[in-house]
Amino acid sequence: MNKQLIETNDVVVRFSGDSGDGMQLTGTLFADAAAFSGMGISTFPDFPAEIRAPQGTIAGVSGFQVHIGGGEIKTPGDFCDVLVAMNPAALKSNAKWTKPASTVIVDVDLFVEKEFEKIGLKSDDDIFAMLNLSDRHIICAPISTLTKECLAGFDVDNKTKLRSKNMFALGICFYLFNQPLVHAEKYFEKKFAKKPQFIEINKVVINGGYNYAANIQAIPNTYRVKKTGLPKGTYRNITGNQATAWGLIAASEKSGLPLFCGSYPITPATGILEELAARKDLGVKTLQAEDEIAGICTAIGAAFAGNLSVTTTSGPGLSLKSEALGLAVMTELPLVIVDVQRGGPSTGLPTKPEQSDLAQALWGRNGECPLIVMSAQSPADCFEKAFRAAKLAMEHMTPVILLSDGFIANGSEPWIIPNMSDFPAIVPPLVAEGTEGYMPYLRDEERLARRWAVPGTKGLEHRIGGLEKDFIKGSPTTDPENHQKMVNIRAEKVARVAKYIPKQEIIGNPAGKLLVVGWGGTFGHLYTAVGKMQEEGKDIALAHFSHINPLPENTEEILRSYQKIIVCELNSGQFANYLRMNFPNISLLQYNKVQGLPFTVTELVAKFNEIIDSL
Amino acid sequence: MSEYISQDFKSDQEVKWCPGCGDYAILAAVQKALPEVARQLNYEKERFTFVSGIGCSSRFPYYVNTYGFHGIHGRASAIATGVKVGNPKLSVWQITGDGDALAIGGNHFIHAVRRNIDINIILFDNQIYGLTKGQYSPTSRLGTVTKTSPYGTVEHPFVPGEIVLGARGTFFARTLDIDVKLTAECLVASAKHNGTSVTTVLQNCVIFNDGTHKAYADKSVRDEHTIVLRHGEPMIYGKDRDKGLVIDHENLRLKSVKIGENGITEKDILVHNMENPNPGIHMMLVNMKFPDLPVALGVIRAVKDSTYNKNVCEQIERSRRHPIYATVDALLRSGETWTVE
C-alpha cells in the first residue's frame, strides 16, 4: 500500500493509559528513539499520586507527553498531534489535550460496557461525540486482541501477554512517524538480558504494531520530522532530578569535599536521593532520615564536620525544615536545600508542578533570616544550577535554596554533555591546621564569609550554635549593638553574592515594548512563546531569572527599559510582588496560573498579543 | 600516646547554670572522663565533638574546650548523626535532657539508637523543664505538680532505658549526677562501646524539681536504695553488701533477697551480664523502681553489633574499589549517548 509521507517541523504525541499500562516507559522509548536519531525532544510525565488507583478509572490514568522536532525543543508541547488512549478513562481525561484534526489511537478492545461504566458512561454512548472528538482521526485498533495473537506461539499466560500491549501501541507510533525500532529493541535486550523470552515477546509485539499500522487503510499518511539541526556535540537525555544529583556530585568533585545528603523521601524530589544513593563509587554519603527535620539536621551536622551538605525536599518538607534553616543561617554553614516544588498548600497536588514555594523559600523562617534563593529553568539546567548552588554555599558560607519543580524534575531533554574541566574551581574558606588565633566569625572582607574550621583539625576547637553570636569570637551574647551588627552583616553577606553571579540576560531587544519576566521551570514555555512572536516581528523580549535572592545587579535597569512588563508564574504572583517590594515604582502586569499544570504556549502568545495590541 | 588532664577540657566560658545545679557535677565527670578516654583509645583532643539541643543541659558544649555545636530543640541526635557520618573519625558526644531527647526529639532519639550510630548520648534526666522555668517533662512521675500541671500530671512517664531497649539499643548506662566517679566510669565505657551509647544521669534541678531523685540518690540512703551493676559480678548491694537480686520465678520478675536469710547464699544471686544480647534481664533492671526495688546504676547493657557509620564507610570503600563510574566525567557519559555533527 502506498501511503503519503508528510513532512513536518515537530510533532507532539501523548501516551495515556492505566497507571499499570506502562505509559511512562512507552513515552520514554518513543522520546529516546527520536533523540538518538538526532532530533530535539522534551517530555512531560503526567501521572497520578496513587501508585495504582483502581484499574480503568479516571484517577488511575497515567500520561506521558513527548514533543519531538527537527531542531531545539523547549517544551513538551501544549496539545498533541497524536493521542494514544489505552482505555476509555484515558481518552476521557486526555481528550482536551488533542489538537483539532489530530489522530487518536485507542485500544478498541477496552471500549466496552464494563470499562464505560467505570467512567460513568453507558455501552451505547458515543464517547467520541461526547468528548467533542468528531473531527479527530480516530484509529480503533484492537490492540489487546492483536497483542495476544502476536504472542500465540509463546508459552505464557494471557495476563503476561497483555502486559506488552503498550509495545503494540508504540509500534504503531513508530510507523506513523517513520522512526526506527532499533533503539527500542536494544532496550529490550538490555532490560531483559536475564529473561530472553521477554526480549522476544516485546520485539514480536512492537513489530506487530508497526506492521499493523503499515497494512491498515485507517492510516493513510505517515510523517517525517524535518531535521533543522541541533547544536553540535555529544548528547544524552537527562531528567531534572538526575541532573540535580549529578550537579551536586560534580561540585563535590570540584571542591574536593565529600558529599553528604540527608533526606526524607517526598514526591517529586525523591529521585535526587535515589540517584545520590547509587553513587557510592563517587564517595557520596546518603542518609535516609526519619523525617524532614532530621534530613536537614543531619546535613547541618555533616556541614559542621566539613562536608558539602545537601537536603532535598518538596514544599511540605521545606515547611518542616524552617527552624533548622535558621540554624544554618545562624551558624553560617554551607548547605544546599533543593525544593522540588509541587502543588500546595498542605499535601496539595503531590505530582503536579507549581511555583508557589517562592515566598516560603524567601521568608519562611523566624527572625531576620536571609539566604540565597535561586532556581533551575529546565531539566538539563538543573545540573549547572545545582553545581552553582553548591559553589555559592561553600564559598559564601551560607545555605542556598535551589527551587526546582515537578515539571522539570521528571521531564527530560537532550543535553550536550559537558566536560568537568570547563567548570570553575570551588574554593571553600577552610582553615588550615596550625592557623593561629582562629576566630569563628571573623570574615573575609570581600564576601563577608566566615572561615570554616573542621572538627578533627588540631588547635581550632571552637563552639557555634543557634544563639546570637559575638561578631568575632562567635560566643553567645545578647548585646543589643552586636545583634544589630550581626543582623546587618548576615543580610549584607547574601546581598554581596550579586557580585558573584551572572548579569541577567535578555532574550530579544535590550529595550522595547513588552518584557516578559519569568523564573524557574516555566522557561521552556515562555521562551517558545516569546520566540514565536519575535519571529512574527513583535517587539517582545524575555528576562528569565535564575537568581531571586539576591537579584542580578542589572535587574532594575532591565525593568526600566520596557513600556510594559508582564511577570508570568505558576502561582498567584509571588515573584511579581517580590519585584514590587524591591522596585516599588515599577509597574508590573501579571499572568498567573495555579492549576497544577505548566503554561501552554498558546495561552501565553494570546496574552502577550493582547498587551502588545493595546500599546 | 595522648596525655591530657581535666584542665585541657575546660573552656574559657563562664558557666551559667544555677548554683547547686546537678549539671556542674556532670561537667566535672565529663572533664574527668575525657582524658581517660583519650588515653585508652589514643584519641587526640581535636577528635572530641560535643553536640547539644536546647535546654539547661544543652549549654554544655560551651563549657568544654572541644569542638562544639549547640543545636535546636530536640534535634541533637540528628545533628550528631550527621557529624559522625560526615566525619567518622570524630568522637561525637550528644548532650541532651529529658525534654529535648524524649519529647520534642523523641523521634530522632529512637532512630539514632535503632541505627546504632557510634555516638555517645548523655541524657540529663531531672524530670522537669528547667530553662522554661518549671513545666512537667515526659519523665515526670504521674501526679507531679508543676506550673502546667497545677492539679498534678495525668500522663504516664517514660523510662528512658526502656525506650533505649525498645529501640534495640546496644548500650545503656545509668548514673547519678553527684556520683562523679561512677558517671566518669560509665562515660569511659560509653566511649569504648561501638554504637549508640545512652547514659542517663539522674540529675537534680535545684530550682524547679529539687530532691526529685533524693529518695535513692541521697548519700544517706544510696547504698540501700540503689545497686551499682558491674559486668561479671553478682548483683549485690546494701551498705553491708547483704542484699542481692534473684529471679522471682513465680512472677517472672526480679526480687530483692537478703543473703544469709532463708538459706540464700551469694551463689543464688544473679550475675550481671551486660553483654547478653537478649534484653530480657536488662529490661527488668532498667524498670526497677524504688521503693519496691533498688534503682539500677552502672552499665546495664553493652552488646556488640554493627554500627551505621561503619556500614556506610564499608559500602563506600567497596564501591570505590570496584567503581561503576570513577569520575563525574564518566558518570555524565554513562548510558545512551549520541552525537550531532
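Strand β15 of chain A, residues 399–405, is a well-covered piece of this predicted model: 7 of its 7 residues are buried. The cover comes from both faces. On one side sit A:P399, A:I401, A:L403 and A:D405, and on the other A:V400, A:L402 and A:S404, with every one of these residues counted as buried.

What does β15(A) pair with? One partner is strand β13 of chain A, residues 335–341, which runs parallel to β15(A) and is joined to it by 7 bridges. Within that pairing, A:V340 has A:S404 as its bridge partner, and A:S404 is one of the buried residues listed above. Another partner is strand β14 of chain A, residues 372–375, again parallel, this time with 4 bridges. Here A:S375 is matched with A:L403 of β15(A), and A:L403 belongs to the face that also holds A:P399, A:I401 and A:D405. Between β14(A) and β15(A) comes helix α16 of chain A, residues 381–396, and the three together make a β-α-β unit. Is that unit right-handed or left-handed? It is right-handed.

Stepping back to chain A as a whole, the domain assignment splits it into domain 1 (4–225), domain 2 (237–422) and domain 3 (512–614). The C-alpha centres of domain 1 and domain 3 of chain A are 36 Å apart. Even so, there is a contact between them, taking 4 residues from domain 1 of chain A and 7 residues from domain 3 of chain A. On the domain 1 side, the residues are split into 2 polar and 2 charged, with no nonpolar ones.

Then there is the meeting of the two chains. How many residues does each chain bring to the contact? Chain B gives 52 residues and chain A gives 56. On the chain B side, the elements giving two or more residues include the strands β1 (48–52), β2 (67–70) and β14 (337–340) of chain B, along with the helices α2 (76–86), α4 (106–115), α10 (308–321) and α11 (328–332) of chain B. The largest share of that side comes from α2(B), with 8 residues. By residue type, the chain B side is made up of 23 nonpolar, 19 polar and 10 charged residues.

The chains also share strand pairing. Strand β17 of chain A, residues 463–465, pairs with β2(B) in the parallel sense over 3 bridges. In this pairing A:I464 stands opposite B:F69, and β2(B) is also among the elements on the side of chain B that touches chain A.

A few backbone details round off the picture. Each chain has a cis peptide bond to point out: A:N549 and A:P550 are joined by one with omega of about -5°, and B:F290 and B:P291 by one with omega of about 10°. A:P550 lies in the loop between β20 (547–549) and α20 (555–559) of chain A, while B:P291 lies in the loop between α9 (280–286) and β13 (295–302) of chain B.

Two asparagines of chain A have positive phi. For A:N132, in the loop between α4 (127–130) and β7 (137–141) of chain A, phi is about 55°. A:N132 counts as exposed because 12 other C-beta atoms lie within 10 Å. For A:N178, phi is near 50°, and the residue is found in the loop between α7 (165–176) and α8 (182–191) of chain A. A:N178 has 12 C-beta neighbours inside 10 Å, so it too is exposed.

How values were computed. Residues are numbered from 1 along each chain as its sequence is written. Chains are lettered from A and ligands numbered from 1 in the order in which they are written. This is a predicted model: local features need pLDDT of at least 70, side-chain atom pairs count only at pLDDT 80 or more; totals for chains, interfaces and linings use all residues. Domain bounds come from an automatic or database domain assignment. Two residues are in contact if their C-beta atoms, placed from the backbone, lie within 7 Å. Ala, Val, Leu, Ile, Met, Phe, Trp, Tyr, Cys and Pro count as nonpolar, Asp, Glu, Lys and Arg as charged, and the others, Gly among them, as polar. Two strands pair if DSSP finds at least two bridges between them. A residue is buried if 20 or more other C-beta atoms lie within 10 Å of its own, exposed if 12 or fewer, and partly exposed in between; C-beta atoms are placed from the backbone. A crossover is right-handed if, with the strands pointing away from the viewer, the path from the first strand over the helix to the second runs clockwise.
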